[in-house]
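Ready for some practice in reading helices and how they pack? Open the structure below and work through the exercises one at a time, trying each before you read its solution.

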Amino acid sequence: MQSINYSEKIPNNVNLSEDRTLQRALEGWQPNFIDWWDDIGPDGSTQSDVYLRTAVSVDPQGWAQFGHVKMRDYRWGIFLNPAIEDRKIHFGDHLGENAWNEVPGEYRANLRRIIVTQGDTEPASVEQQRHLGLTAPSMYDLRNLYQINVEEGRHLWAMVYLLQKHFGRDGREEAQALLERRSGDENNPRILGAFNEATPDWLSFFMFTYFTDRDGKFQLCALSESAFDPLARTTKFMLTEEAHHMFVGESGISRILQRTCQVMNELKTDDAQKLRAAGVIDLPTLQRYLNFHFSVTIDLFGADESSNAATFYSSGLKGRYEEGKRNDDHQLRGQFYKVLEVREGRLVEKEVPMLNALNEVLRDDYIKDSIAGVGRWNKVIEKAGIPFQLTAPHKAFHRNIGALAGVKVSPDGRVVNDAEWHANVAHWLPTDQDRAFVGALMGRVVEPGKFANWIAPPAMGINRQAVDFEYIRFN
Ligand SMILES: [Fe+2]
Ligand SMILES: [Fe+2]
């Protein structure tokens, strides 16, 4: 186990002080990062002491420590999982060769692009979530939001370390550009579509952390297989932090369901208007938000057929989800995979070379994982005795990337004409009225142990603290 050196300006377990040039470059970037945080980080949070976990080790048993800190004093740093001695490349054309500690010249441009694209999502989500603190449904939830925000900041550090250490001047320029793009900015937006969408309310936030942070998990898992060892080790450690983000999303939606079902039973109604009047979010509205976030997120995996995906895999830059657990030749030449296309007004499968379909392979693995959580949400509804089930929409629904972009498909997977789409879209995707209603529900509740009316308290607090623990001290 490598312990983390906290006596330096930048906490790290990579012996940063032995590489003066890199240390200077990162110490030069650090104040720009703090400026970015001050400029576009969580609104109104500067004075608060927040009960945060900070990484203090990469040992899976006890890697984190909890305590009240001001967020801008959070010890953002550089933590890599320990190197595996004699690690071999386990997929692609270089299968069986030694993993790389330096970037091979011929893969430099592609690796840089992969790292920049991943890095760009991290500050983007902080920007998307920056106003949510003003409408937190509880102190507990506010603390979780802030925890996610500081960790996304650390994930940016993780990618910036790779850029600055391994990509010379280009890397330094990319590191700076990561602080300059802004989510939703017309002139200088974030790289990926879903990271330019607003996260205007807490229902969107919980859906985002459930679905979109899970995209993060799958991308990180694929990168943790990389032949480029520093990338593999960095992303492995990021995954330990990511688990909490998805927990916040999953438990957040569960608690909303619990509260809605409770009120449905008290009022003996499933009438959306009556439930809204009682200040809870009706189940069909939750379904529409789910449809939106699911479809926007699966677009993040990219086009169903992609020669880039094939190149990234064959050259060893990015593996499949759980590459090491699969029993095939890990090269995939001459193998096929099914993708969807529309022929004569119907969705049909077609076989394409698997190497070109690796985006679709990762998307399908993601879909399996996210549907499992939808099943757990349905248990909450079932337990309340209410005959309603949430479902993930068909993967062709509401797509904007790949062969299905712009094709009109219902959530149950039928290609529909314009008229049917327009007649039903208000049942399938959140309407302006839905968003206005959810927006109007949002109001700040931050007394310890108090919760907004539309969400149930959690079963337990953070780090075995009580639910009414003072997670945040407002100064
Ligand atoms: Fe992240
Ligand atoms: Fe995350």
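**Exercise 1. Find the residue on which the kink in helix 6 is centred, and compare the span of helix 6 with the expected one.**

Solution. Keep in mind that this is a predicted model.
- Step 1: Helix 6 has a kink of about 35°, and T240 is at its centre.
- Step 2: Helix 6 covers residues 229-267, which makes 39 residues. At 1.5 Å a residue, the span should be 57 Å.
- Step 3: The end C-alpha atoms of helix 6 are 57 Å apart, so the two values agree.
- Step 4: Now look just past the helix. K268 follows helix 6 and has a positive phi, near 50°.

**Exercise 2. Work out how helix 3 and helix 6 are oriented to each other, and list the residues that meet.**

Solution. Two packed helices are described by the angle between their axes and the distance between the axes.
- Step 1: Helix 3 (residues 139-166) packs with helix 6 at an angle of about 170°, and their axes are 10 Å apart.
- Step 2: Angles over 145 degrees count as roughly antiparallel, so helix 3 and helix 6 are roughly antiparallel.
- Step 3: From helix 3, the residues are N144, Q147, I148, E151, H155, A158, L162 and H166. They meet P230, L231, T234, M238, E241, H244, H245 and V248 of helix 6.
- Step 4: Sorted by class, this contact of helix 3 with helix 6 has 7 nonpolar, 7 polar and 2 charged residues.

**Exercise 3. Describe how helix 5 packs with helix 8.**

Solution.
- Step 1: Helix 5 (residues 202-223) and helix 8 (residues 283-298) have axes 9 Å apart, at an angle of about 30°.
- Step 2: That angle makes helix 5 roughly parallel to helix 8.
- Step 3: The crossing of helix 5 with helix 8 is right-handed.
- Step 4: Helix 5 brings L203, S204, M207, F208, F211, T212 and D215 to the contact, while helix 8 brings Y289, L290, H293, F294 and T297.
- Step 5: By class, the contact of helix 5 with helix 8 has 7 nonpolar, 4 polar and 1 charged residues.

**Exercise 4. Do the same for helix 5 and helix 10.**

Solution.
- Step 1: Helix 10 (residues 358-383) packs with helix 5 at about 135°, with the axes 10 Å apart.
- Step 2: Helix 5 is therefore oblique to helix 10.
- Step 3: Helix 5 and helix 10 make a right-handed crossing.

Conventions:
Residues are numbered from 1 along each chain as its sequence is written. Chains are lettered from A and ligands numbered from 1 in the order in which they are written. This is a predicted model: local features need pLDDT of at least 70, side-chain atom pairs count only at pLDDT 80 or more; totals for chains, interfaces and linings use all residues. Axes are lines fitted to C-alpha atoms, for helices over the stretch in contact, and angles run from 0 to 180 degrees between N-to-C directions. Helices (H or I, at least four residues) and strands (E, at least two) are DSSP runs, numbered from the N terminus. Angles under 35 degrees count as roughly parallel, over 145 as roughly antiparallel, 65 to 115 as roughly perpendicular and the rest as oblique. A crossing is left-handed if the near helix is turned anticlockwise from the far one by less than a right angle, and right-handed if clockwise. Two residues are in contact if their C-beta atoms, placed from the backbone, lie within 7 Å. Ala, Val, Leu, Ile, Met, Phe, Trp, Tyr, Cys and Pro count as nonpolar, Asp, Glu, Lys and Arg as charged, and the others, Gly among them, as polar. The expected span of a helix is 1.5 Å times one less than its number of residues. The bend at a residue is the angle between axes fitted to the seven residues ending there and the seven starting there.
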